[in-house]
Amino acid sequence: MVYQPPAGARDLLPLGVAQKRWIEDKLQQVFHRWGYHRIITSTLERMDTLMAGGAIQDSTVIQLQNANDEELGLRPELTASIARTVVTRMAGNSYPQRLYYNDRVFQRPPNIQHNQPQEFFQAGVELLGGGGLIADAEVLMIVANCLQGLAIKSWHLILGDAGITRSLLKIFPQQVRPQVRQAIANLDRVAIDKLSLSEELKTHAKTILDLRGKPHDTLKKVYKFDLGKPQKEAVNNLKTLVDLIESQVDFSLILDLSLIQTIDYYTGIVFEVVSNAETGVTILGRGGRYDQLLGLYDPQGESVPGIGFAFSIEGLYQILLQNQQLPVAIPTTNWLVVPETPNDYGLAFAHAQKLRDSQHLVRVEVDLVSKTAAEVKQYAIDRGILHIAWITAGSLPVIELVHNQEKSQKFDYLLNKPSI
C-alpha cells in the first residue's frame with residue numbers, strides 16, 4: 001500500500017517551504033511597517049461561527065463532528081474567525097485593531113473532482129474599528145506596497161462597492177434578486193435574458209453588468225442612475241477614494257460595480273487583485289469592507305467597522321516562479337563537524353554548539369555516521385557545505401575549506417563580526 005495525503009491535501013517539501021517562507025517574509029515586512037500585529041486563530045471552529053450569519057455557504061466548509069455532537073468545520077477563510085476572536089477575547093482593547101495573519105484555510109469547491117485542492121495558504125490583514133474611506137485607502141495602499149515588495153509588476157486592482165451594487169439591485173423583485181445577482185456576478189447575459197423580468201428590468205440588469213472600466217468613466221455612468229441621497233453619498237465617497245488612491249500609488253485601477261463576491265458579508269468596497277502576466281490571468285487576492293460582521297458575535301449585537309484582504313500564497317507563488325524570483329535551493333549548512341573517533345562525539349557536540357552560539361545564524365551539522373574522509377568530503381560537496389571541522393581529543397579542530405575562498409572569508413567575517 002502506498003500512503004498518500006487525503007484527496008485535496010498536500011505535503012510541502014523543504015524547498016517548497018523555503019519558497020513559501022520567502023513570500024511570507026516579504027509580506028510580513030510590509031505588514032509590520034504599517035503597524036499590524038500577527039494573530040493566530042483556531043483552525044477548527046463551530047459551524048455557526050463559520051457561517052457568519054449565512055454569508056458563507058455550509059457547502060464550502062469541510063465539516064466535522066466531535067464527541068459532544070457539536071457541528072464543527074475547518075475554516076474556509078480567516079475573517080469570520082478573527083471577528084469572533086476580537087469580540088470574545090479582545091473586548092476590552094481599544095480600536096482600531098491592526099491584525100495580520102498567515103495561515104491555512106480549507107475550502108470545499110462545488111462539484112469537487114478527485115485530488116482537486118481543498119487546502120490553501122493565505123496571508124492578509126484585518127483593520128478593525130477603522131471606518132470610512134481613509135481606512136479603505138490604507139488597506140488598498142498596503143496591497144500595493146506588498147506587490148511592490150514582491151516586485152510583481154503586471155497586476156491591476158478591480159474595485160467595486162457592495163453597498164452601491166446592492167442598492168442598484170433593489171429595483172428587482174425580491175424573489176428573483178438572488179438570480180439577478182448571480183447572473184451579474186458571472187457576467188452572464190444569457191442568464192439575464194432567461195429570467196422572468198420585463199425588458200426594462202433586463203436592460204437595467206445588463207447596464208449594471210457593464211458598469212466597469214476606467215474609474216471616472218464608470219462613475220459618470222453611475223451618476224446617470226436615479227440615485228437617492230444615500231446612494232449619491234456612497235458614490236461620492238467612492239470617487240473621493242479613487243482620487244486619493246490614484247494620488248498615492250501608481251497601479252492600474254479598474255472600477256467594476258458588477259464585482260460581487262461569493263461571500264456575502266461585505267457592506268462597502270470590494271476588490272480583487274489580478275495578475276495580467278503573459279501566462280494568463282491569476283487572482284492574487286481579494287478583500288472588502290464588512291461593517292456588520294463583528295456584531296454577529298457580540299452578545300448585545302454591537303458592531304465595529306472592519307475591512308481586510310487575503311493574498312493567495314499559491315497565486316503569488318505561480319507568478320514569482322514564472323519570474324524566476326523564488327529561491328532555487330534550500331539554505332545550505334555552514335559547518336559539518338566530524339569526530340575522528342566515536343569517543344570524540346562529546347567534543348564534536350561542544351564545538352558545534354560554540355559555532356551555533358554566534359550572534360548570526362550559523363547552520364551546523366554533526367556527522368552521525370562514521371565515514372571515510374573521502375565520503376565525508378563528498379557529502380559536504382553534495383550538500384553545499386562550506387566548512388568541515390575535524391575533531392580529535394587533545395588537539396585543536398582541523399578546519400577544511402570545502403568551497404571557494406570568497407565564501408569562506410565572508411563567512412569568517414560574519415562569524416567574528418564585533419557587536420556594536
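User: Here a cavity is a set of grid points where a 1.4 Å probe fits but cannot get out, and its lining residues have an atom within 4 Å of a point. With that in hand for this predicted model, which element gives the largest share of the lining of the largest cavity?

Analyst: Start with who's there: Glu-24, Leu-27, Gln-28, Phe-31, Tyr-100, Tyr-101, Asn-102 and Ala-123 line that cavity. Two elements, β5 and one helix, each supply at least two of the lining residues. The helix puts in four residues, the largest share, and it's α1.

User: How much space lies in that largest cavity?

Analyst: There's one cavity of 30 Å³ or more by this count. Its lining has five nonpolar, two polar and one charged residues. The space inside comes to about 50 Å³.

User: How far does α1 reach from its first C-alpha to its last?

Analyst: α1 covers residues 14–33, so at 1.5 Å for each of one less than its 20 residues you'd expect 28 Å. The model's helix is close to that, at 28 Å.

User: Which residue with a positive phi follows α1?

Analyst: Within the helix, Leu-27 and Phe-31 are among the buried residues, and what covers the buried set includes β5, β6 and α4. After the helix, phi goes to near 85 degrees at Gly-35.

User: Over to the second largest pocket: which helix gives the most to its lining?

Analyst: The pocket is about 320 Å³ and has 18 lining residues, with Asp-136 and Arg-289 among those nearest its centre. α4, α5 and α10 each supply at least two. Six residues, the most from any element, come from α10.

Note on methods. Residues numbered from 1 in each chain as written. Predicted model: local features only at pLDDT ≥ 70, side-chain atom pairs only at ≥ 80, totals over all residues. Heavy atoms only, no water. Buried < 20%, exposed > 50% of the residue type's maximum accessible area, 1.4 Å probe, protein only. Contact = heavy atoms within 4.5 Å. 1 Å grid on protein atoms, 1.4 Å probe; cavity = no way out; pocket = protein on both sides within 12 Å on 5 of 7 lines; lining within 4 Å. Points joined across faces, edges and corners; volume = space filled by probe spheres on them. Nonpolar A, V, L, I, M, F, W, Y, C, P; charged D, E, K, R; others polar.
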